[in-house]
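Here is my note on the model you sent. The points are numbered so that you can reply to each in turn.

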Protein chains: 2
Amino acid sequence: MTHHVVVVGAGFGGLAVTHGLAGADVKITIIDQRNHHLFQPLLYQVGTASLSTSEIAWPIRHLMRRRKEVTTLLGEVGGIDTQNRRVLLEDGGETPYDTLVLATGARHAYFGHDEWEPYAPGLKTLEDATSIRRRILLSFERAERESDAERRAALLTFVIVGGGPTGVELAGAIAELAHQNLPPEYRHIDTRRARVVLIEAGPRILPSFTEDLSAYAHASLQRLGVEIQLGQAVRECSGQGVMYGDRTLAAKVILWAAGVRASSAAAWAGLPADNAGRAKVAADLTAPGHPEIFVIGDTATVNAWQGRPVPGIAPAAKQQGMHVARTIKLRLSGQTTPRIFRYRHAGNLATIGKRAAVIDFGRIKARGRLAWWIWGLAHIYFLIGVRNRLAVALSWLWIYVSGSRSACLITQGQHRPRSS
Amino acid sequence: MTHHVVVVGAGFGGLAVTHGLAGADVKITIIDQRNHHLFQPLLYQVGTASLSTSEIAWPIRHLMRRRKEVTTLLGEVGGIDTQNRRVLLEDGGETPYDTLVLATGARHAYFGHDEWEPYAPGLKTLEDATSIRRRILLSFERAERESDAERRAALLTFVIVGGGPTGVELAGAIAELAHQNLPPEYRHIDTRRARVVLIEAGPRILPSFTEDLSAYAHASLQRLGVEIQLGQAVRECSGQGVMYGDRTLAAKVILWAAGVRASSAAAWAGLPADNAGRAKVAADLTAPGHPEIFVIGDTATVNAWQGRPVPGIAPAAKQQGMHVARTIKLRLSGQTTPRIFRYRHAGNLATIGKRAAVIDFGRIKARGRLAWWIWGLAHIYFLIGVRNRLAVALSWLWIYVSGSRSACLITQGQHRPRSS
């Protein structure tokens, strides 16, 4: 019987395992609850109407069409029978495995306040992104028709909670949308007066960057018109707005970029986990007591970065996936000694609007327009396939030259078709 | 006071009125329940995963950004107070008008069987298109995991009701998807064995074309693997499949392209209407007794095509919109004699898959590959703006050359994000 590798989750980690196993004498089954791989680093651009969904997502089975040994299954995992080595699906199906790779990622988390989610959605899926886009654009539409000054101000106040890269990128993009793209389109409101407020609990934004890059990003955001509130923990999110410190801010759009929680993978397999739900794996990325189960990416935690935890970013998931693929191939050739994973940090990137970015590659640091170009080229390079690279390059070029965004569509929800 | 024209509906008709009034001494308000103008002739390509939503839709207020006299309102009309000349919005707002243009289009209709809609959705909005795409793609996904042969066959049977251009285009596109694009992506099913069945109540498909073009389209569809059932009225649609004549066909995907019903515009204004809900307008396109109200496009009926009713197609709505704009301008200059609208029929086009089309321009008729190129160029020409033309051209070129579709994304519904 051919060795059967089951990969749950087709994110950066899961796909890296599959690519790394090309040519190996295995059969592979990929299980995902969605039919597409998503390029999450650009998801905020779908949420802020710069890119459309198909530009940053690929049907998994299309990516695997030439890999005849790979089967793709659309399904939700509900549990894992580690005893009998079977993945149990929510709809009653099951898939046996010889080696299992759990790479199911993370969702945003509300530090015990899940009741905030309806008011402060996060950004992890294509649906999240189109829903956030709808919220942002509808808020401008409603402000245009609102005669009460106070309510109009609330509709034109956009709050982003969390000053990491996603929060910074969202704040910059919304500020540009409001202050640069939309003004000529509205007649009753001046969208340049929209407030974009970034709230961060820590002492500075982009804490994973050096202090001077963080200060540069701070100043750049302010130049775009973003108000930054540091050292402020959010105490409540509601339909009225947000409370932080001793202040209340009336706002109709609140976006959450403050925390993540791992998927349920650790619970499925009964593995020990940390506070954020991440499975604690051994140095070779296997689950304790289960050398046949690997857990990687945002759903695992391992101190493989010179003694520190590996960061929850795409390159880390990819490195782990490649490590797992190599381990599986070595095991098939009879070498079963555990192989320790060591994370190599390439660097941090974040973009602030469409003309500035900060880049920290250790020895090489850059900021400003040059950094923005490096950021853009790097992201186009990491997209999959010529077609999406062309499409994203065309979209960006268009926004850069014309200043207008192509994807300002409000879809779903609210305005339903009427039957007659 | 500047003359105030209110246009309800930003489809082909409503936009033509607005464009025709450029430079006139009027102020204009456009009211639409969606924020975008939609290029409906290509909607079936979004439904069948060839194009993405943003390629065929434009935010209305973006199209109007340089027209400072035009205000765009997102809102649902609930009624019209013709006495006091006010448009009443569902949310309680109201907009006074001097001249009113109703151009609110049509929805699909089920000949008194609205209960079929959940099982046999139609294709009129972007949401319809993404929902149909989800249905089609999910059916293949489920078939891949289905072990029961009968259920698998039902999942792989696609029924299209209605043999007009939309039905023919859907059938051709689904057949190509199943028989040409998807086979390398599936492991357990052979998507080439999927059945695509087109059911038409009349004696031939494309009844608005000449008999020989209709016969050519019939043969072309069959060559793509579409089964065509003529002279068969559908008696029931359900979750199990479709009943027609004395037959029952088990099918999990049924698409409705058989009939339309006008929007409620006639009812809002208390106007006389035909069986399909279309307002019966005078020869100058005004509502009887209301020279200040025009009704155009799919939501009106008028025998202005050499005594026959104007067809429900985009060029007809555009011609009517331009006629209305000219009438308004003449009235402003003091000429109030009614101006009779005469429809000039340019021709009919329909495409069958990605290599064939039929074109009937009266004296000029074409079919086959040349007709397909004319069809493609004509549609790119009629798209709005350089950006979308480039994007659609790129998508089509890509599909043409690579044979793979870029927009096979399943979004919304079914597979919801889980919170942990």
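**Notes on the model**

1. I start with a helix in chain B. In H7(B), the buried residues are B:Leu213, B:Ser214, B:Tyr216, B:Ala217, B:His218, B:Ser220 and B:Leu221. Please keep in mind that this is a predicted model. Helix H7 of chain B runs over residues 211-223, 13 residues in all. From its first C-alpha to its last it reaches 18 Å, close to the 18 Å expected at 1.5 Å a residue.

2. What covers the buried residues of H7(B)? The cover includes one helix, H6 (165-181) of chain B, along with strands E12 (195-200) and E13 (226-230) of that chain. Strands E23 (348-352), E24 (356-361) and E25 (364-368) of chain B are also included. Just after H7(B) comes B:Gly225, with a positive phi of about 95°.

3. Next, B:His323. This residue is found in helix H9 (residues 314-332) of chain B. Is B:His323 buried or exposed? B:His323 has 23 other C-beta atoms within 10 Å. The cut-off for burial is 20 or more, so B:His323 counts as buried. B:His323 touches B:Leu285 and B:Phe341, leaving aside residues up to four places away in sequence. B:Ala16 is 307 residues from B:His323 in sequence, yet the two are 9.0 Å apart in space, C-alpha to C-alpha.

4. B:Pro272 makes a useful counterpoint. It sits in the loop between helix H8 (265-269) and strand E19 (279-280) of chain B. B:Pro272 has 12 C-beta neighbours inside 10 Å. Exposed residues are those with 12 or fewer, so B:Pro272 counts as exposed. B:Pro272 touches B:Lys280 and B:Pro288, again not counting residues up to four places away in sequence. Its C-alpha and that of B:Leu15 are separated by 25 Å, with the two positions 257 residues apart along the chain.

5. Now the fold of chain A. Its secondary structure comes to eleven helices and 25 strands. The radius of gyration of chain A is 22 Å, close to the 22 Å that the globule rule gives for 420 residues, so chain A is as compact as a globular protein of that length. Its C-alpha atoms fill a box of roughly 70 × 60 × 45 Å along the principal axes. Of the 420 residues, 53% count as buried. Among contacts in chain A with a separation of 6 or more, 65% join residues 24 or more positions apart.

6. On domains: the assignment for chain A gives domain 1 as 3-33 + 75-108 + 260-332 and domain 2 as 114-258. The C-alpha centres of these two domains of chain A lie 34 Å apart.

7. How many residues does each chain give to the contact? Chain A gives 50 and chain B gives 50. On the side of chain A that touches chain B, the elements giving two or more residues are strand E4 (57-59), helix H3 (60-63), strand E5 (70-74), helix H4 (126-145) and helix H11 (386-402). By class, that side of chain A has 16 nonpolar, 20 polar and 14 charged residues.

8. Last, the symmetry. A turn of 180° and a shift of 0.0 Å along the axis lay chain A on chain B with an RMSD of 0.0 Å. That is the relation of a two-fold axis. Of the interface residues of chain A, 100% are also interface residues in chain B, so the copies meet through the same surface.

Conventions. Residues numbered from 1 in each chain as written. Chains lettered and ligands numbered in written order. Predicted model: local features only at pLDDT ≥ 70, side-chain atom pairs only at ≥ 80, totals over all residues. Domains from an automatic or database assignment. Helix = DSSP H or I, 4+ residues; strand = E, 2+ residues; numbered from the N terminus. Rg over C-alpha atoms; globule rule 2.2 N^0.38 Å. Contact = placed C-beta atoms within 7 Å. Nonpolar A, V, L, I, M, F, W, Y, C, P; charged D, E, K, R; others polar. Expected span 1.5 Å × (residues − 1). Least-squares fit on C-alpha atoms with pLDDT ≥ 70 in both.
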